[in-house]
Amino acid sequence: MAALIGLLAVLEGEIWAGEVSPHLRDRIGQRLARESLAESSPTERQLRQAISDLNHRLRHALGEYDELPSPLPVPE
């Protein structure tokens with residue numbers, strides 16, 4: 001689970017840096033939307049927010065947090 005948390009952090013950072021192709025970014029957004037973790041056709045910021053929120057849910061499941069934290073807004 002720790003590896004998955006790390007991968008999500010890398011992915012979020014790479015999307016923010018503009019290093020992820022639009023095609024892959026859209027595919028990831030569609031997948032998260034299908035699981036009700038993102039809006040349909042999310043913007044880049046909404047996608048990063050969904051990835052960040054998922055990361056924190058996994059951290060909670062791993063036991064890093066006693067309670068599921070409120071979403072922390074990602075940078076613009």
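Is Arg45 buried, partly exposed or exposed? Arg45 counts as partly exposed, because its relative accessibility is 30%, and that falls between the 20% and 50% cut-offs. Keep in mind that this is a predicted model. Here's a quick tour, taking in a nonpolar core of 11 residues, a helix with its buried residues along one face, and 3 salt bridges.

**The nonpolar core**

- The largest nonpolar core is made up of 11 residues: Ile5, Leu8, Ile15, Val20, Ile28, Leu32, Ala38, Leu47, Ala50, Ile51 and Leu58.
- Helix 1, helix 2 and helix 3 are the elements that each give two or more residues to this core.
- Helix 3 supplies the largest share, with 4 residues.
- As a bit of background, nonpolar side chains in soluble globular proteins tend to be buried together.
- Take Ile5, one of the core residues: setting aside neighbours within four places in sequence, Ile5 is in contact with Asn55, Leu58, Arg59, Leu62 and Glu64.
- Leu58 on that contact list is itself a member of the core.

**Helix 2, end to end**

- Helix 2 covers residues 22-34, which makes 13 residues.
- At 1.5 Å a residue, helix 2 should span 18 Å, and its end C-alpha atoms are indeed 18 Å apart, so the two values agree.
- Ile28, Gly29 and Leu32 are the buried residues here.
- Looking down the axis of helix 2, you'd find its buried residues within an arc of 100 degrees, so they line one face of the helix.
- What do the buried residues of helix 2 pack against? Their partners are helix 1 (2-16) and helix 3.
- Over on the other side of helix 2, His23 and Arg34 are exposed.
- Just past the end of helix 2 comes Ser36, which takes a positive phi of about 60 degrees.

**A buried serine in helix 3**

- Ser52 sits in helix 3.
- Ser52 counts as buried because its relative accessibility is 7%, and the cut-off for buried is under 20%.
- Not counting residues up to four places away in sequence, Ser52 touches Glu12, Leu72 and Val74.

**Salt bridges**

- There are 3 salt bridges in the structure.
- Glu76 and Arg45 form one of them through their side chains, at 3.4 Å from N to O.
- This pair links distant parts of the chain, 31 residues apart: Arg45 is in helix 3, while Glu76 is in the segment after helix 3 (44-62).
- How accessible is Glu76? Glu76 has a relative accessibility of 73%, so Glu76 counts as exposed, whereas its partner Arg45, at 30%, is partly exposed.
- Another salt bridge joins the side chains of Arg59 and Glu64, with an N to O distance of 2.7 Å.
- Arg59 has a relative accessible area of 25%, which means it is partly exposed.
- Glu64 is partly exposed as well, with a value of 43%.
- Arg59 and Glu64 should look familiar, since both turn up among the contacts of Ile5.
- Glu35 and Arg31 also meet in a salt bridge, 3.3 Å from N to O.
- Glu35 counts as partly exposed, as its relative accessibility is 44%, and Arg31 is partly exposed with a relative accessible area of 43%.

Conventions. Residues are numbered from 1 along each chain as its sequence is written. This is a predicted model: local features need pLDDT of at least 70, side-chain atom pairs count only at pLDDT 80 or more; totals for chains, interfaces and linings use all residues. Side-chain values use heavy atoms; hydrogens and water are left out. A salt bridge is a side-chain nitrogen of Lys or Arg within 4 Å of a carboxyl oxygen of Asp or Glu. Buried means under 20% relative accessible area, exposed over 50%, partly exposed in between (1.4 Å probe, protein chains only). The expected span of a helix is 1.5 Å times one less than its number of residues. The arc is that of the directions from the helix axis to the C-beta atoms. Contact means heavy atoms within 4.5 Å. A nonpolar core is a set of buried Ala, Val, Leu, Ile, Met, Phe, Trp, Tyr and Cys residues joined through side-chain atoms within 4.5 Å.
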